[in-house]
Number of protein chains: 4
Amino acid sequence: MKNLKDMQNERDTRCISIDRVGVRGVRFPIVVSDKANRTQNTVATVALMVDLPQEYKGTHMSRFVEALHDEGEGPRRLNIHTALRLPNRLLEKLSAQRAHVEIAFPFFRLKKAPVSGMEGMMDYDVRFVIDAERGGKSQFTLTIKVPVTTLCPCSKAMSTHGAHNQRGIVTYSVRFVGPPIWIEDLIDMIEECASCSLYSILKRPDEKFVTDHAYEHPVFVEDLVRNVAVATENHTAFSWYRVEAENFESIHNHNAYACIERSLTD
Amino acid sequence: MKNLKDMQNERDTRCISIDRVGVRGVRFPIVVSDKANRTQNTVATVALMVDLPQEYKGTHMSRFVEALHDEGEGPRRLNIHTALRLPNRLLEKLSAQRAHVEIAFPFFRLKKAPVSGMEGMMDYDVRFVIDAERGGKSQFTLTIKVPVTTLCPCSKAMSTHGAHNQRGIVTYSVRFVGPPIWIEDLIDMIEECASCSLYSILKRPDEKFVTDHAYEHPVFVEDLVRNVAVATENHTAFSWYRVEAENFESIHNHNAYACIERSLTD
Amino acid sequence: MKNLKDMQNERDTRCISIDRVGVRGVRFPIVVSDKANRTQNTVATVALMVDLPQEYKGTHMSRFVEALHDEGEGPRRLNIHTALRLPNRLLEKLSAQRAHVEIAFPFFRLKKAPVSGMEGMMDYDVRFVIDAERGGKSQFTLTIKVPVTTLCPCSKAMSTHGAHNQRGIVTYSVRFVGPPIWIEDLIDMIEECASCSLYSILKRPDEKFVTDHAYEHPVFVEDLVRNVAVATENHTAFSWYRVEAENFESIHNHNAYACIERSLTD
Amino acid sequence: MKNLKDMQNERDTRCISIDRVGVRGVRFPIVVSDKANRTQNTVATVALMVDLPQEYKGTHMSRFVEALHDEGEGPRRLNIHTALRLPNRLLEKLSAQRAHVEIAFPFFRLKKAPVSGMEGMMDYDVRFVIDAERGGKSQFTLTIKVPVTTLCPCSKAMSTHGAHNQRGIVTYSVRFVGPPIWIEDLIDMIEECASCSLYSILKRPDEKFVTDHAYEHPVFVEDLVRNVAVATENHTAFSWYRVEAENFESIHNHNAYACIERSLTD
C-alpha cells in the first residue's frame with residue numbers, strides 16, 4: 001500500500017510564491033448583527049485564502065474549511081465576531097503571512113411603507129472582505145448593494161407627462177476609521193440619495209406617494225453617485241469609499257453606470 | 001494493454017429506458033436568417049439529446065458533437081436549415097427513436113430611433129427547440145425574449161405627475177401552422193403590445209417621444225400578456241403559444257409576472 | 001387630486017383569462033425542518049401566483065407579499081408548515097381558483113468524512129412547488145440538487161491508470177403518495193447511486209478513500225439516472241419522479257446529461 | 001411645450017468629479033482576428049466609460065453607443081482594429097480625459113483530437129480592456145479563460161488506483177511589451193501547464209490518451225498557476241500578468257483557487 005505522504009509539504013523549486021490560494025464557493029449558515037432584533041440568521045458564501053511562500057509545493061485545503069467550522073462551532077453558527085477572527089485563524093493554521101476572507105450574504109430588514117405603514121421585508125446583498133497580515137493590522141471592507149428607484153431629470157424636463165424611471169443598484173463599499181457602523185444606517189444613507197427607495201409592500205396610497213416622490217427627486221446615475229459621495233464625505237466614520245450605480249434603463253436594453261472611488265485619509 | 005471495448009453497447013439489465021441523454025452547453029458559431037440582410041452571424045449554445053432504449057448501457061456522446069460538426073461543415077458554420085436537419089442526423093447516428101435539439105443565440109437588429117431616425121443595434125435572445133420522432137413529424141418551437149418598457153396604469157391614475165415604469169421582458173414561445181414567420185415580425189408584434197419599445201440610441205427628441213408614448217400607453221403585466229395573446233390569436237400563423245411577461249418593478253425589489261399558454265388547433 | 005381608484009377591479013373586455021399572475025424573486029428568511037436538529041434557518045427565494053379570470057383587469061400584487069408576511073409572522077419566520085398554507089391563503093385573499101407557490105432555498109447538513117469522521121457542512125439546493133385548486137387537493141413537488149462524483153466506466157476500462165471523473169449534479173424531483181420523507185433520506189438515496197458522494201472536509205485518509213471508492217464504482221450519466229430510478233421505484237413513498245443528471249466532464253468543455261421521468265401511480 | 005434643454009451640460013456644484021460614467025451590457029456583433037482563418041464572427045458584450053469633470057452635471061449617454069456604431073459601420077461589424085480606436089473616439093465625442101473600454105466575447109477554435117485527429121470546436125471566453133488617457137498612451141489588457149483538466153497529485157500518490165480529477169478554469173490576463181500575440185498561442189501555452197487540455201470530440205483512443213496523459217501530469221491548483229507563471233516569465237512578450245486557476249473539485253462542493261500577479265517591467 002502506498003503511504004499517505006504529505007506532498008503539499010514537499011519543496012517547490014520554481015521559485016514563485018503564490019499571492020492567494022484557498023477555497024471559494026463555500027456556503028455556510030451565519031448569524032449577523034441586526035439593529036432591530038440584535039441578530040438575524042442568513043446564509044453566506046465564503047472564500048478563504050492565504051499566501052504561499054515559494055518553497056512550499058502546496059497549501060492544505062482541508063484546513064481552510066476546518067477554520068470555518070472552528071469558528072462556527074458551539075451554536076454551530078458563524079457570526080460576525082467569529083468571522084472577524086477567521087483571518088488570524090488561517091494565518092496560524094496555515095503558517096501564512098497574509099490572509100484574505102470574503103463573506104457574502106443577503107441581509108434582511110423590515111421596512112414600513114411610507115403612508116400605510118405596512119411592514120414588508122427588504123433584502124440587500126452584503127459582503128465583508130477582511131485582509132490580514134501576520135503581526136500587522138487587518139483591513140475590513142464592507143460592501144452593500146442597495147436597490148433604488150431612479151427617475152431621469154432630462155426625460156422629466158422634456159416630456160409632457162412623467163419621466164422614464166427604473167430600478168437601479170447602488171454598490172457601496174466602505175472602510176471605517178473606527179468601529180463599523182450599522183448596515184441599516186448605511187442603507188438609510190444611500191436610499192436618501194436616490195429618487196425614491198424601494199419597498200416590499202405598497203398599498204395604493206403608498207404607490208401614489210412613491211410615484212410622486214420619485215418625480216420630485218429626479219437623479220441621473222451621475223447625481224446618484226455624487227449624492228452618495230457627498231453623504232460619505234460629510235460623515236466622519238469612513239477612511240475610504242467606492243460607490244457604483246447601475247440603472248437598468250427602462251428605455252434601453254443596456255445599463256447606465258457611474259463610479260467614484262476616494263481615499264479620505266489624506 | 002486493456003482493449004478499447006465499447007462499453008456503451010453492453011446490455012443493461014435494469015429495464016429502464018432513458019427519456020433524454022446527450023450533451024448540453026456546447027457553444028458553436030451559427031448563421032441565422034435575417035429579414036434585412038439575408039443572414040447574420042451569431043453564437044449559439046446547443047443541447048443535443050436522444051432517447052435510449054432499456055437494453056443499452058450507454059449512448060455515444062462523441063457522435064452528438066460530430067453531428068453538429070457534420071451540419072456545420074463547408075463554410076464551417078451552422079445555419080438554420082442545417083440546424084433543422086440535426087434531429088434526423090441524431091436519429092440516424094445514434095439509432096434513436098426520438099431526438100431533442102435546443103439552439104439558443106442572441107439575434108441582432110438595427111432599429112431606427114422614433115424621431116431622429118438614428119440607427120442602433122438591438123439584441124434579442126432567441127431559442128429554437130426541435131423535437132423529432134423516427135418516421136414521424138418534427139415539432140419546431142421558437143422562443144424570443146423581447147425587452148420592453150411598461151408603465152403602470154394604477155400609478156398613472158393615482159399620481160400627481162408621471163407613473164412608475166420599468167424594463168420588462170416578454171418571453172414569447174410559438175409553434176407554427178405552416179412555415180415559420182420572420183423573427184423581426186414577431187418582435188414588431190410584441191413591441192406594439194407594451195407601453196413603449198426599447199432603443200439602443202435615443203437623442204433628446206427621441207427620449208421625449210418614448211417618455212410621452214409610454215405615458216399614453218400604460219399596461220399592467222396582465223395587459224401586456226393579454227395584448228400579446230390577442231395579437232397571436234388574431235394571426236393565422238400559429239398553432240400554439242405561451243407568453244410570459246416579467247417586469248423589473250422600479251418601486252419593488254421583486255418582479256411582477258404573468259403567463260398565458262394556449263393551443264390554437266382545437 | 002386624482003382619486004385612488006382600484007383599476008385592477010375594472011372589467012376587462014379582451015375575454016382572455018390569465019393562467020398565472022403574481023410575484024417572483026422575493027427573498028425571505030425561512031425555517032425548515034431538519035432531521036438532526038429539528039429545524040434550521042435558511043433563506044428562500046419565493047414565487048407566488050394565482051389565475052385571473054377573464055373579466056378582471058388585474059390582480060392585487062401587494063396581497064401576494066402580504067400573504068407571505070401573514071404566514072411569516074410571530075417568530076417572523078416562514079416555516080414549512082406555514083409555507084404549505086400559503087396557496088390557500090392566496091386563494092382566499094385574491095379570490096382565485098388556482099394558486100402556484102415556489103420556495104427555493106439552500107439546505108445544510110453536517111456530514112462526517114468517511115474515514116477520519118471529521119464533520120463538514122454540505123449544502124444542497126432545495127425547491128418546494130405547491131399547486132392548489134379551490135376546493136381541490138393540492139400537489140406538492142419537492143426538488144433537490146445533489147452534487148456527486150462520477151467516474152467514467154469507459155475511461156476506466158480503456159486506460160492504463162485511473163479514469164476521468166468530475167463533479168456532477170443530480171436534480172431529483174418527487175411527489176409523495178403520503179407524507180413527505182426527510183430531505184436527508186432523499187440525499188442519502190441519491191448519493192449512493194453515484195461513484196462517490198461529496199464532502200466538505202477530507203483529510204488525507206479520507207481523500208484516499210473517496211478516490212478508491214469512486215474508482216470501484218464507475219457510472220455513466222446514464223447509470224446514475226437509472227440507479228436513482230431503480231431506488232425510487234423500489235421505494236413506496238413516491239407517486240411520480242423525474243431525475244436529471246449533468247456531469248461537468250473533466251475532459252470536455254460541455255456537459256453530459258440524462259433524464260428519466262415516470263408516473264408511479266398507474 | 002417644454003424645450004428640449006441639455007441638462008447634462010448644466011453646471012454641477014457638488015465639486016465631485018466622477019471616475020467612470022457610461023454604459024454597460026451593450027451586446028454587439030464583432031469580427032476578431034483568427035490565426036487559422038484570418039477572422040471569425042462572434043458576439044461581444046461591451047462597456048464604454050469616460051471620466052466626468054466636477055463642473056458637469058452629466059455625460060451624454062447616447063454618444064457612447066454612437067461611438068460603437070461609428071466604428072462598427074461599413075460592413076456594420078466591429079473588428080479588433082476599430083475596437084482599439086474606440087477609446088480615442090470616446091475621448092473626442094465626450095471631451096473626456098480618460099476612457100475605459102471592455103469588450104468580452106467567446107472565441108472559437110477548431111482543435112484536433114490527440115489520436116484520431118478528429119476536429120472539434122472549442123470555445124474560450126476572451127476580454128479586451130483598453131484604458132486610454134488624452135494625449136497619453138493607452139493600455140491594453142487581454143484576459144482569456146482556458147478550461148483544462150487538473151488531476152490531484154496527492155490523490156494519485158495515496159490511492160490504489162487513479163486520482164480525482166476535474167474541470168478547472170485558468171483565467172489569464174496579460175499586458176504586452178510590444179504588439180499582442182495570437183490568442184491561439186496564449187491558449188497553447190496555458191493548456192500545456194495543466195494535467196491535460198480539453199477537447200470537443202474524443203473517440204475511444206483519444207479518451208484513453210487524455211485519461212493516461214492527465215494521470216501522468218498531475219497538478220495542484222498551485223502547480224497550475226506556477227506553471228503558467230514560469231511560462232509567462234520565460235516569454236519576452238509580456239509586461240504584466242495575472243493568472244488565476246479555479247478547480248471545480250470532483251470530491252467537494254466548493255472550488256480550489258490560486259492566484260499570482262506580477263509586473264515584469266522592473
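# Salt bridges, a buried histidine and a two-fold pair

Asp125(C) and Arg27(A) form a salt bridge, and their closest N and O atoms sit 3.0 Å apart. Asp125(C) belongs to strand S5 (residues 119-133) of chain C and Arg27(A) to strand S1 of chain A, so this pair joins two chains. With a relative accessible area of 34%, Asp125(C) counts as partly exposed. Keep in mind that this is a predicted model, and that everything below is computed from it.

## Salt bridges

How many salt bridges does the rule count over all chains? The count comes to 88. A few of them are worth a look one by one, and here are four with their N to O distances.

| Acidic residue | Basic residue | N to O distance |
|---|---|---|
| Asp125(C) | Arg27(A) | 3.0 Å |
| Asp131(B) | Arg20(B) | 3.7 Å |
| Glu191(B) | Lys111(B) | 3.1 Å |
| Asp19(A) | Arg262(D) | 3.4 Å |

Take chain B next. The side chains of Asp131(B) and Arg20(B) meet in a salt bridge at 3.7 Å, N to O. Asp131(B) is in strand S5 (residues 119-133) of chain B and Arg20(B) is in strand S1 (residues 18-34) of chain B, so the pair ties together parts that are 111 residues apart in sequence. Asp131(B) is partly exposed, its relative accessible area being 23%. Arg20(B) is partly exposed as well, at 33%.

Then there's the salt bridge between the side chains of Glu191(B) and Lys111(B), at 3.1 Å from N to O. This pair links distant parts of the chain, with Glu191(B) in helix H4 (residues 183-191) of chain B and Lys111(B) in strand S4 (residues 98-112) of chain B, 80 residues apart. Are Glu191(B) and Lys111(B) buried or exposed? Both are buried.

Some salt bridges also join up into a network. One such network links Glu66(A), Asp70(A), Glu71(A), Arg85(A), Arg89(A), Lys93(A) and Lys203(C).

## His100(D) and the strands of chain D

Now over to chain D, where His100(D) lies in strand S4 (residues 98-112). Why does His100(D) count as buried? Its relative accessibility is 5%, and buried means under 20%, so His100(D) falls within that class.

The side chain of His100(D) has polar company. A polar contact of 2.7 Å joins it to the side chain of Glu102(D), and another, at 3.3 Å, goes to the side chain of Arg20(D). Which residues does His100(D) touch once its neighbours within four places in sequence are left aside? The list runs Arg20(D), Ala47(D), Leu48(D), Met49(D), Val129(D), Ile130(D) and Asp131(D).

Strand S2 (residues 38-52) of chain D is mostly covered, with 12 of its 15 residues buried. S2(D) pairs with strand S1 (residues 18-34) of chain D in the antiparallel sense, over 13 bridges. A hairpin of three residues connects S1(D) to S2(D), and Pro29(D) stands opposite Val43(D) in S2(D). S2(D) and S4(D) also run antiparallel, joined by six bridges. There, Val50(D) stands opposite Ala99(D) in S4(D).

One general point helps when you look at these strands. In a regular strand, side chains alternate between the two faces of the sheet.

## How chain A meets chain D

Chain A can be laid on chain D by a turn of 180° and a shift of 0.0 Å along the axis, giving an RMSD of 0.0 Å. The two copies are therefore related as by a two-fold rotation axis. Since 100% of the interface residues of chain A are also interface residues in chain D, the copies meet through the same surface.

The contact takes 58 residues from chain A and 58 residues from chain D. How much area is buried between chain A and chain D? It is about 4,500 Å², and carbon and sulfur atoms give 53% of that.

On the polar side, the rule finds 10 salt bridges across the interface of chain A and chain D. One salt bridge pairs Asp19(A) with Arg262(D), the closest N and O atoms being 3.4 Å apart. The interface also holds 32 residue pairs in polar contact, counting pairs with both residues at pLDDT 80 or more. Several elements of chain A each supply at least two residues of the side that touches chain D, among them strand S1 (18-34), strand S2 (38-52), helix H1 (61-72), helix H6 (221-233) and strand S10 (255-263).

Terms used
Residues are numbered from 1 along each chain as its sequence is written. Chains are lettered from A and ligands numbered from 1 in the order in which they are written. This is a predicted model: local features need pLDDT of at least 70, side-chain atom pairs count only at pLDDT 80 or more; totals for chains, interfaces and linings use all residues. Side-chain values use heavy atoms; hydrogens and water are left out. Helices (H or I, at least four residues) and strands (E, at least two) are DSSP runs, numbered from the N terminus. Buried means under 20% relative accessible area, exposed over 50%, partly exposed in between (1.4 Å probe, protein chains only). A polar contact is a pair of N or O atoms within 3.5 Å; within protein, one must be able to donate a hydrogen and the other to accept it, and residues adjacent in sequence count only if both atoms are side-chain atoms. Contact means heavy atoms within 4.5 Å. Two strands pair if DSSP finds at least two bridges between them. Copies are superposed by least squares on the C-alpha atoms of residues with pLDDT of at least 70 in both. Buried area is the accessible area (1.4 Å probe) that two parts lose on being put together, summed over both. A salt bridge is a side-chain nitrogen of Lys or Arg within 4 Å of a carboxyl oxygen of Asp or Glu.
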